[in-house]
Amino acid sequence: MAALLAIIGFAVQVYCDFSGYTDMAIGLAAMLGIRLPNNFRQPYTATSISGLWPPLAHDSDRFLGDYVYLPLSMILARYAVRHRIGKWPMFLLAVVVPVNVTFLVSASGTARAGTSSPFGVLTGIAMTVEFTWRRAAMPELPTFAAWLLTVLAFLISLCFFRARSPTGPST
């Protein structure tokens, strides 16, 4: 029970950090006459992993999308087309590999690189499951079930991000 409360508490801390930094940036910019878009819109109400990340997106995510995900996706898609591989291998190369590499690079670039790498891997896997579910035209989950799975995946990945070491507990 204590571990569950700690995980939920850390999720609240992450939310408050992002929300607070966003509010401060918007307020300071407004004082200077600059209007910034609000890019933090209730991420914990998302019903998918991909829906969770856009509200948390910031310049580094856009940078990674432009300079890691898109080029890698294009190179692998061209390779798949040139070699006439099937739809699922094409999906694997053009979507799954770039998504996972991008999340791994993103997580590895933080101050907690040793513990955030599993966070990036788990988030990439969750995103892969979501994209594969959609690609296979599986039925949509009920809203509550989709939200619960999204929150659980995020909370589990946060355990690794918060840990002091990849193998030991955080104290």
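**Exercise 1. Helix α1**

Determine how far helix α1 reaches in this predicted model, and which of its residues are buried.

*Solution.* Step 1: helix α1 covers residues 2–31, which amounts to 30 residues. Step 2: at 1.5 Å a residue, a span of 44 Å is expected. Step 3: the first and last C-alpha atoms of α1 are 43 Å apart, close to that expectation. Step 4: the buried residues of the helix are F10, A11, V14, S19, T22 and A29. Step 5: just after α1, G33 adopts a positive phi of about 80°.

**Exercise 2. The fold as a whole**

State how many helices and strands the chain has, and what percentage of its residues is buried.

*Solution.* Step 1: the chain has six helices and zero strands. Step 2: read from the N terminus, the order of elements is α-α-α-α-α-α. Step 3: of the 171 residues, 30% are buried. Step 4: among contacts with a separation of 6 or more, 63% join residues 24 or more positions apart. Step 5: the accessible surface totals about 10900 Å², and carbon and sulfur atoms account for 70% of that surface.

**Exercise 3. V12 and its place in α1**

Classify V12 as buried, partly exposed or exposed, and give the separation between the C-alpha atoms of V12 and Y44.

*Solution.* Step 1: V12 is located in helix α1. Step 2: V12 has a relative accessible area of 44%. Step 3: the class between 20% and 50% is partly exposed, so V12 is partly exposed. Step 4: V12 and Y44 are 32 residues apart along the chain, and their C-alpha atoms are separated by 9.7 Å.

**Exercise 4. Nonpolar cores**

Identify the residues of the largest nonpolar core and the elements that give two or more residues to this core.

*Solution.* Step 1: the largest nonpolar core has nine residues, namely F10, A11, V14, A46, L52, F119, F154, L155 and L158. Step 2: two or more of these residues come from α1 and likewise from α6, which spans 143–162. Step 3: another core lies apart from this one; it has eight residues, including I49, V96, V99 and M127. Step 4: leaving aside residues up to four places away in sequence, V14 touches Y44 and L158. Step 5: as a general background, nonpolar side chains in soluble globular proteins tend to be buried together.

**Exercise 5. Positive phi outside glycine**

Locate R84 and A137, and report the phi value of R84 and of A137.

*Solution.* Step 1: most residues other than glycine have a negative phi. Step 2: R84, which is not a glycine, has a positive phi of about 50°. Step 3: R84 sits in the loop between α3 (59–82) and α4 (87–108). Step 4: with a relative accessible area of 76%, R84 is exposed. Step 5: A137 has a positive phi near 55° and belongs to the loop between α5 (113–135) and α6. Step 6: exposed means over 50% relative accessible area; A137, at 65%, is therefore exposed.

**Exercise 6. A nonpolar surface patch**

Which element supplies the largest share of the nonpolar patch, and is I156 buried or partly exposed?

*Solution.* Step 1: the patch consists of W133, M138, L141, F144, L148, L149, L152, I156 and F160. Step 2: together these residues have about 830 Å² of accessible area. Step 3: α6 supplies the largest share, six residues. Step 4: I156 is in helix α6. Step 5: the relative accessibility of I156 is 49%, so I156 counts as partly exposed.

Conventions
Residues are numbered from 1 along each chain as its sequence is written. Side-chain values use heavy atoms; hydrogens and water are left out. Helices (H or I, at least four residues) and strands (E, at least two) are DSSP runs, numbered from the N terminus. The expected span of a helix is 1.5 Å times one less than its number of residues. Buried means under 20% relative accessible area, exposed over 50%, partly exposed in between (1.4 Å probe, protein chains only). Contact means heavy atoms within 4.5 Å. Accessible areas come from the Shrake-Rupley method with a 1.4 Å probe; for residues, only the protein chains shown count as cover. A nonpolar core is a set of buried Ala, Val, Leu, Ile, Met, Phe, Trp, Tyr and Cys residues joined through side-chain atoms within 4.5 Å. Patches are made of residues with over 30% relative accessible area and no salt bridge: like charges are joined within 9 Å, nonpolar side chains (Val, Leu, Ile, Met, Phe, Trp, Tyr) within 5 Å. A salt bridge is a side-chain nitrogen of Lys or Arg within 4 Å of a carboxyl oxygen of Asp or Glu.
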